[in-house]
Amino acid sequence: MEKKNIDWSNLGFAYQVTDKRFVSNYKNGAWDEGVMTEDATITLTECAGVLQYAQTCFEGLKAYTTEDGRTVCFRPDLNASRMKDSCERLEMPVFPEDKFVEAVKAVVRANEAYVPPYGSGATLYIRPYMFGSSAVIGVKPAEEYQFRIFCTPVGPYFKGGAKPITIRVCDYDRAAPHGTGHIKAGLNYAMSLYQIVDAHEQGFDENMYLDAATRTYVEETGGANFIFITKDGTLVTPKSDSILPSITRRSLMVVAEKYLGMKVEHRPVRFDEIKDFAECGLCGTAAVISPVGKINDHGKEICFPSGMDEMGPVTKKLYDTLTGIQMGRIEAPEGWIVEI
Ligand code: PLP
Ligand code: COI
């Protein structure tokens, strides 16, 4: 397969149109078979549920070229199952999980020329999403829906790749208790845009959100879960009903315990504990693991001993093992790697 002429090593995390995408429509209570199409545009009624009441959710996963030249993706079944949870919470019809995985594979296969080569530092980001497509004017769920999957080659989410970033404690909340923080609803991201623009204007890379009810526990950032490493090498990661259950974080917990023999704690993490941690990172499909060097709490700086120059040593081991599994250098647990 001849690859596209793309400067893979200099890609940022940005959209570029690829050749084909998957589209399936839900009408009269059923999903159609779905098709691959070259049309990257969508025509909708002005009154579509997604446009009026933000009835939409999405997923994100990646495809990789392995060291031995296979094209694979990472745990797509977990994206299918999380999307089911999102749909149920948003009164949207579930797209069958097995068909979700098949459609992901079909999209990658149809755009194989855009899957970045092994060792280029880039990956193919896959974006499944669903939205209410029929007209609603009273506040209620749409009757018709569209499920689509496109893909686009991407580089690192944060400029500078593995360089530690600086984040700040945010005064706004991301998710209410008993709200929608645990699902991947578009609305969670719409309401974070004000804060992220402001963070960037103030010179910070991301926002650290605290729990909305008490502002004493660490939740997550706008697009990734937290991992912390204690001074004695334990992986600690926040537990809360209002954070998104990151597939990367769940995978890292297994990697830490089973591959690296580390102790793992998944528990509520108080904000006042973090000054005692040795390393901090953000984990997610887009972020992979992005090390955090510094957290700014209203002018007071919490600087991790791992510093601002490079990833901490334990974070690096986690990063190398996870990406080693994803790129086929290290044997994966059963079912984690799905060949295209
Ligand atoms: N938290 C939020 C709010 C996210 O948007 C994401 C990205 O998907 C994550 C965490 C990381 O989740 P995952 O590892 O499944 O990509
Ligand atoms: C992902 O990591 O897949 C996400 O959806 C996060 C988003 C902020 C790009």
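These are my notebook entries on pockets, ligands, one arginine and a cavity in a predicted model.

**Entry 1: largest pocket**

I began with the open space. The largest pocket holds about 950 Å³. I counted 43 residues in its lining. Nearest the centre of this pocket I found Phe 13, Tyr 157, Gly 222, Gly 223 and Ala 286. Next I looked up which elements supply at least two residues of the lining. Among the helices, these are helix 2 (76-89), helix 5 (193-201) and helix 6 (247-259). Strand 7 (123-132), strand 8 (145-154), strand 10 (206-208) and strand 14 (279-284) do so as well. I then sorted the lining of the largest pocket by class. It has 20 nonpolar, 15 polar and 8 charged residues.

**Entry 2: second largest pocket**

I moved on to the second largest pocket, which has about 580 Å³ of space. Its lining comprises 39 residues. Gly 121, Thr 123, Val 288, Tyr 319 and Thr 323 lie nearest the centre. Strand 5 (61-65), helix 6, strand 15 (288-297) and helix 7 (313-326) each give at least two residues to this lining. Helix 6 also supplies at least two lining residues to the largest pocket. By class, I noted 21 nonpolar, 15 polar and 3 charged residues around the second largest pocket.

**Entry 3: ligand 1**

Which residues come nearest to ligand 1? I listed Tyr 189, Glu 220, Ser 246, Thr 248 and Thr 285, out of 16 residues around the ligand. Then I went through polar contacts. A polar side-chain atom of Thr 248 is 2.5 Å from an oxygen atom of ligand 1. Thr 285 also places a polar side-chain atom by an oxygen atom of this ligand, at 2.6 Å. On the backbone side, a polar atom of Ala 224 lies 3.5 Å from a nitrogen atom of ligand 1.

**Entry 4: ligand 2**

I looked up the surroundings of ligand 2 next. Phe 13, Phe 58, Gly 60, Tyr 125 and Arg 127 are among the residues around it. Tyr 157, Lys 184, Gly 223, Thr 285 and Ala 286 are also in that set. Of these surrounding residues, I recognised Phe 13, Tyr 157, Gly 223 and Ala 286 from the centre of the largest pocket. For polar contacts, I noted that a polar side-chain atom of Tyr 125 lies 2.6 Å from an oxygen atom of ligand 2. A side-chain N or O atom of Lys 184 is 2.7 Å from an oxygen atom of the ligand. Thr 285 takes part through a backbone N or O atom, 3.5 Å from an oxygen atom of ligand 2. The side chain of Thr 285 has a polar atom 2.6 Å from an oxygen atom of ligand 1.

**Entry 5: Arg 168**

Is Arg 168 buried or exposed? I found a relative accessible area of 11%, so Arg 168 is buried. Arg 168 sits in strand 9 (residues 165-169). Its side chain reaches the backbone oxygen of Gln 195 at 3.1 Å. Leaving aside neighbours within four places in sequence, I found Arg 168 in contact with residues including Gln 195, Asp 198, Phe 204, Glu 206 and Asn 296.

**Entry 6: cavity**

Last, I searched the whole structure for cavities of 30 Å³ or more and found 1. The largest cavity has about 40 Å³ of space. Its lining includes Asp 173, Arg 174, Tyr 209, Glu 219 and Ser 242. Glu 220 also lines this cavity, and Glu 220 is one of the residues that come nearest to ligand 1. By class, I recorded 4 nonpolar, 1 polar and 4 charged residues in the cavity lining.

Key: Residues numbered from 1 in each chain as written. Chains lettered and ligands numbered in written order. Predicted model: local features only at pLDDT ≥ 70, side-chain atom pairs only at ≥ 80, totals over all residues. Heavy atoms only, no water. 1 Å grid on protein atoms, 1.4 Å probe; cavity = no way out; pocket = protein on both sides within 12 Å on 5 of 7 lines; lining within 4 Å. Points joined across faces, edges and corners; volume = space filled by probe spheres on them. Helix = DSSP H or I, 4+ residues; strand = E, 2+ residues; numbered from the N terminus. Nonpolar A, V, L, I, M, F, W, Y, C, P; charged D, E, K, R; others polar. Buried < 20%, exposed > 50% of the residue type's maximum accessible area, 1.4 Å probe, protein only. Polar contact = N/O pair within 3.5 Å; in protein donor to acceptor, adjacent residues only side chain to side chain. Contact = heavy atoms within 4.5 Å. Near = heavy atom within 4 Å.
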